[in-house]
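Hello,

Here is the structure we talked about passing on. Please take a look, then read my notes below.

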Amino acid sequence: MGAKPGIPPRRAGIADEAREGPLESDPVYTSDQPYGPYRHARNSHSCHAFLSRTIRHCGRPDITSPSGRATLLRRRRSGSGRPGPGGAGVTRMNCRAAKAAVKRAAELAVAKTAPLLWRRRHGSLVVLMYHRVLPPGDPRLEAEQPGMYVHPETLRFHLATLKRHFQPVRLDHWILAARNNAPLPERAFAITFDDGWADNFEYAYPVLTEEDVPATIFVVSDLVGTGRLFWPERLGLLLRQGLARHAAQLYSFSEFAWLRALDMPMPSSERELDPERLDRIINGAKRDDDATLCARVDAMASRLGDAGSSGAAQILSWEQIRTMVGSGLISIGSHTRRHTRLSDALTPERLHDEIAGSRFVIESNAGCEAPLFCYPNGDATATVRSLVAEHYLAACSTLHGWHSIAADRYMIRRISVHQDITRDETSLLARLSGWI
Ligand SMILES: [Zn+2]
């Protein structure tokens, strides 16, 4: 990609000698949820909320209306539950099919309309949020949540589709140009990856190079070059191993008993630990703080005599980062030192260490500037935002939607994309609209 008006050229190489920095001994790791309650809470006025309401009431009477309440009462008196000639199983299948049909109809309508409206959105920026890029059948997918990955061919298809509607830009370049009132592309898109997964180098980097699309990778500085994992992936691996060995007896161990308190049915065999159920368990666990969760996962690992690691290197190394940075195509941003969810409950020293300390570690080791920040789990209080503004050019949130020149550059909205919701052009265009 050549230099665009108002967009600074890419860096040609690495200026500094890279060196490893010290790592702390008590890391606290978490992983964010691109589709968790935090983001949904901010979609209440969107098309997404309308669809959710429509789908939620599918097959059930609306108890907010008098006629709905009357229907419910009638069904309870007759003991019939939900109506349907084929019984509850068939009704559930019908309901699922109806939900899919409603969703698909909405996607088709949005995918046709939205691109026409994009033509009027001058100076807008669509920032896409990815995490992992793994091929089908990769063993690393076994302990992964559905919202965390796309396949390499899906990424290639996304980039080709995006380039037909938008101009690719590097996020820091676009932000700098906007801040300096320099000319901007009419409509642009920027790619981001959160967490710093090794598969970003193995599978995303080759596709980005082929398609000549720049990207920013937000790394957790203290994890780079280590064999350590985030607690959600460790939890998934330990649950799978524990269920394979002990089945439902697993929860009789005191180290696993806390899972019973999550108020949801727990899998009683490895087969029952499907991606959706793992997703719910991880989201339920997030009610506790990172330190508590890491301690629990450590205790579970000790009980099973396993570190909760897949064996393969899952996080980027500094060497891989330096290779990508040297291409000029990839920029590196900070995702804190330990992926700690940032809140006012943390001491000012800890906040400073996570926010400013991570930038120092990245720049010392990667040999590049790291002017962008990304809030783990999207958590950002006013104190956190103000500290980030002292040390960074801009920051990405997990808020859903498009970014624009007038918007707060310390709360950049993004569109989260993953394999199960953007595998064809209709669903991708609908998702890119920011309405779904
Ligand atoms: Zn993250």
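The protein has 15 helices and 11 strands. Please keep in mind that this is a predicted model. Of its 436 residues, 40% count as buried. I also looked at contacts with a sequence separation of 6 or more. Residues 24 or more positions apart make up 73% of those.

Two places are worth your time.

**The α8 and α11 pair**

Helix α8 covers residues 231–246, and helix α11 covers residues 290–304. Their axes come within 10 Å and cross at roughly 30°. Angles under 35 degrees count as roughly parallel, so α8 and α11 are roughly parallel to each other. The crossing of α8 past α11 is left-handed.

Which residues meet there? From α8 they are W231, R234, L235, L238, Q241 and G242. On the α11 side they are L293, C294, V297, M300, A301 and L304. By class, this contact has 9 nonpolar, 2 polar and 1 charged residues.

**C368**

C368 sits in a loop. Helix α13 (348–366) lies on one side of that loop in sequence, and strand β8 (372–374) on the other. Is C368 buried or exposed? C368 is buried, because 23 other C-beta atoms lie within 10 Å; the cut-off for buried is 20 or more.

One pairing to check in your viewer is C368 with I332. They are 36 residues apart in sequence. In space, their C-alpha atoms are 7.7 Å apart.

Over to you.

Best wishes

Terms used
Residues numbered from 1 in each chain as written. Predicted model: local features only at pLDDT ≥ 70, side-chain atom pairs only at ≥ 80, totals over all residues. Helix = DSSP H or I, 4+ residues; strand = E, 2+ residues; numbered from the N terminus. Buried ≥ 20, exposed ≤ 12 C-beta atoms within 10 Å, placed from the backbone. Contact = placed C-beta atoms within 7 Å. Axes fitted to C-alpha atoms, helices over the stretch in contact; angles between N-to-C directions. Parallel < 35°, antiparallel > 145°, perpendicular 65-115°, else oblique. Left-handed = near helix turned anticlockwise from the far one by under 90°. Nonpolar A, V, L, I, M, F, W, Y, C, P; charged D, E, K, R; others polar.
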